[in-house]
Each structure stands twice: as structure tokens, then as C-alpha cells.
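Trainee: I should like to go through the terms used for this structure and the reasoning behind each of them. May we take them one at a time?

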Amino acid sequence: MLLILTCIFIVLLSACGNINSEKKDVSSNNKLKVYTTAFAFQSFTDQIGGKYVDVDSIYPPGADMHSFEPTQKEMINIAKSDLFIYSNEEMDPVAKKIARSINNDNLKLPVAAHLSHHDLIANHEEHDEHDLHDEHDNHDHHEGHDHGEQDPHVWLDPVLNKKFAKVIKNDLIEKDPKHKTYYTRNYNHLIKDIDEIDNEMKRITQHPKRDTVVISHDSIGYLANRYQFNQRGVSGMNNEEPSQRELMNIVQNIDKTKQPYVLYEQNITSKVTDVIQKESNTTPLKFHNMATLSKEEVKDKQITYQSLMKENMKSLNRALNQ
């Protein structure tokens, strides 16, 4: 019986994957339905597509992208849409599972699929004797803890984001050529904003007082690699929660290296952050990894990649320069 149900489900997804393969006449009442993984991709698509696109992230508010599993109903809905946007299958196992259930390649848009190996190098492997974990405990957190040997948080690099935005813009135009001018104009506005973020990051990191940022988990490898500073994650890239002993080692190393600030992300468990704030002499700073929004943030339609990144840069500036 289970085998029969499984076969039926696969057939349904395959059938759904063939829906909407032709260009469709998109008007304000007949929008392109798009699903994305990370909020950053949702924000880019929403800004470029504007009134001709209805876009949602597959993650519910506050979800942990590292442990999220879509339901069969959610996977069918994604397969029935006009477009599914994600980084690539190597760095995102959830997206890989969804993409492989969609039979029509025209509905899948892996924006990081054609980046070079050089583009995808993040410094999350550059831990040395100054790491926050001692050598023994560090082994568990940093050996083979990533997604297919690639950091999934690729959308935090502004330079790469310009490439992702271009891929999204081109695909929307291909599916809806009638509104090419509209999509191109919106894309140009977005690129202008991303260029300003890139310039501000260059300014912040030009002559930093410190070369290291301590953050709740290994999420800013691309950002650190792009602007030549180091990240030190309290937990690993997949947000593995450290043990009590590891937490104490982390606190001791933070104090030893005299780090004045620790960045805490919006979707990280409070257990880790509470202990560090209580036991170490550090000031907490907020950092939004833009994987998912909180329940409160989802209600705020004014939140964009740009608005979140501006706040992130304030925290990075304090951590590196103040």
C-alpha cells in the first residue's frame, strides 16, 4: 500500500512539474507564482517582479533552514508554481529534494548553479589556534559539518547577489517578455542599492581595528571572505548546538581574545546566546542572516534585503571598528 501511495505522489509531482511550461500572459490579476528558499531570494524576486509576481519563501516564520522539511502538500504546491528559486543542489539539500521532485527544468532556477569554484569559497574552514573551540571540541563542529562542502549562506555576499539578481531578472523576462522594461527598471534599482551596500562594506573593512567577528553560527563566510575579515562561529555551519562543556570553552576563549562583541542571529536558539551573555564580558549585537524572517518581521512588508543589510552593517562596523 505504501509503495502504491509513493508512486501516486511521484506521478502527481511529475504532472505538476509539466504545468505552466509555456510562456503565460501575466497581468496584475494573473501573476507569476514563485517560491524561493532564503528570504534574500524572495526579496530580490519581489523587488524585480513587483506587481507581476506573487512570491513566498518555502520556510515558515522563524524556521531553521538547516532542519526544515517540507510536507508533501508544500512540495506539490511548489511544483504547481511557475518558478522555484534556490541557490543550488549541492549547498541546499532541502532545495535538492524539492527540485528533484519537479519534472520540468523550466520551473527550477538554481541561481548559484553556474558560479565558479572561486566564487563559492568561504572562509569557514580557516579556523586556527585562535578559534573559539579548543582543538578537541573543534573537531566535532568543523570537520565535515557543511552542506556538500559548501557554505549555504551565499546570499550574504553583495557581489554574488548582483549575479543572482541578474539570473532572476532574466528568467522573469523569459517567462513574461511583455513586461521586460518593467522588470529591467526594477532590477537596475536593486543593483544600485546592492552597489551601495558593497561600497559601505568596503569602507567598514578598509582599516579595521579588529580582524575577527564572533557570531552565533558560521553564516558569514562569504561576507568575511569578500571583505577580508575572519568569522568565528559559536556553533557550526549547520547550527549544531554546543554542549555545556563546549559553551564554557567558548566563553573562556572569548574572554582570552578580549572580543568585546558577539553577533547573535535572529533564528538562533536562546540557550547558547543566554549563556554567553551571562558568562562573558561581551556586548550583544544583532545580525540577520536573511535565511528566514521571524513571525513579527513577516507582518512588516517594508522589510527588504537592503533594510536588513543596513542594520547588519551597523553591527559589523561596531564589531570590527569600535
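Mentor: Let us begin with a helix pair in this predicted model. H2 and H6 are oblique to each other.

Trainee: Why are H2 and H6 called oblique to each other?

Mentor: Helix H2 and helix H6 (residues 158-175) pack at an angle of about 50°, and their axes lie 10 Å apart. Angles under 35 degrees count as roughly parallel and those from 65 to 115 as roughly perpendicular. The angle of about 50° belongs to neither range, and therefore H2 and H6 are oblique. As for handedness, H2 passes H6 in a right-handed crossing.

Trainee: Which residues make the contact between H2 and H6?

Mentor: On H2 they are Phe41, Phe44, Thr45, Ile48 and Gly49. H6 contributes Asn161, Phe164, Ala165, Ile168, Lys169 and Leu172.

Trainee: What makes E2 and E4 the edges of their sheet?

Mentor: The open sheet has four strands in the order E2-E1-E3-E4, with parallel pairing. Strand E2 (53-57) and strand E4 (108-110) each have a single partner strand, so one side of each is left without a neighbour in the sheet. Neighbouring strands of this sheet are turned by 20° against each other on average, direction ignored.

Trainee: How do you know that E3 and E4 pair?

Mentor: Two strands pair if at least two bridges are found between them. Strand E3 (residues 83-86) and E4 are joined in the parallel sense over three bridges, so the condition of at least two is met. Within this region, Tyr86 stands opposite Pro110 in E4.

Trainee: Where does H2 pack on the sheet?

Mentor: Helix H2 (residues 39-49) touches strand E1 (32-36), E2 and E3. The direction of H2 makes about 175° with that of E2. Angles over 145 count as roughly antiparallel, so H2 and E2 run roughly antiparallel.

Trainee: Thr37 is found in the loop between E1 and H2. Why is Thr37 called buried?

Mentor: The relative accessible area of Thr37 is 1%. Buried means under 20%, so Thr37 is buried. Leaving aside neighbours within four places in sequence, Thr37 is in contact with residues including Ser57, Tyr86, Asp92 and Ala291.

Trainee: And Ser243, in the loop between strand E6 (230-235) and helix H9 (244-256): what makes Ser243 partly exposed?

Mentor: Ser243 has a relative accessibility of 35%. Buried would require under 20% and exposed over 50%; Ser243 therefore counts as partly exposed. The C-alpha atoms of Ser243 and Val272, 29 residues apart along the chain, are separated by 9.3 Å.

Trainee: What makes strand E7 mostly covered?

Mentor: Five of the five residues of E7 (residues 261-265) are buried. Tyr261, Leu263 and Glu265 point one way from E7, and Val262 and Tyr264 point the other way.

Trainee: How do you know that E7 and E8 pair?

Mentor: E7 and strand E8 (residues 283-287) share five bridges in the parallel sense. At least two bridges are needed, so E7 and E8 pair. The bridge partner of Tyr261 in E8 is Thr283.

Trainee: How many helices and strands are there in the chain, and how many of its residues count as buried?

Mentor: The chain has 12 helices and eight strands. Of its 322 residues, 55% count as buried. The accessible surface comes to about 15400 Å², of which 49% belongs to carbon and sulfur atoms.

How values were computed. Residues are numbered from 1 along each chain as its sequence is written. This is a predicted model: local features need pLDDT of at least 70, side-chain atom pairs count only at pLDDT 80 or more; totals for chains, interfaces and linings use all residues. Side-chain values use heavy atoms; hydrogens and water are left out. Axes are lines fitted to C-alpha atoms, for helices over the stretch in contact, and angles run from 0 to 180 degrees between N-to-C directions. Contact means heavy atoms within 4.5 Å. Buried means under 20% relative accessible area, exposed over 50%, partly exposed in between (1.4 Å probe, protein chains only). Accessible areas come from the Shrake-Rupley method with a 1.4 Å probe; for residues, only the protein chains shown count as cover. A crossing is left-handed if the near helix is turned anticlockwise from the far one by less than a right angle, and right-handed if clockwise.
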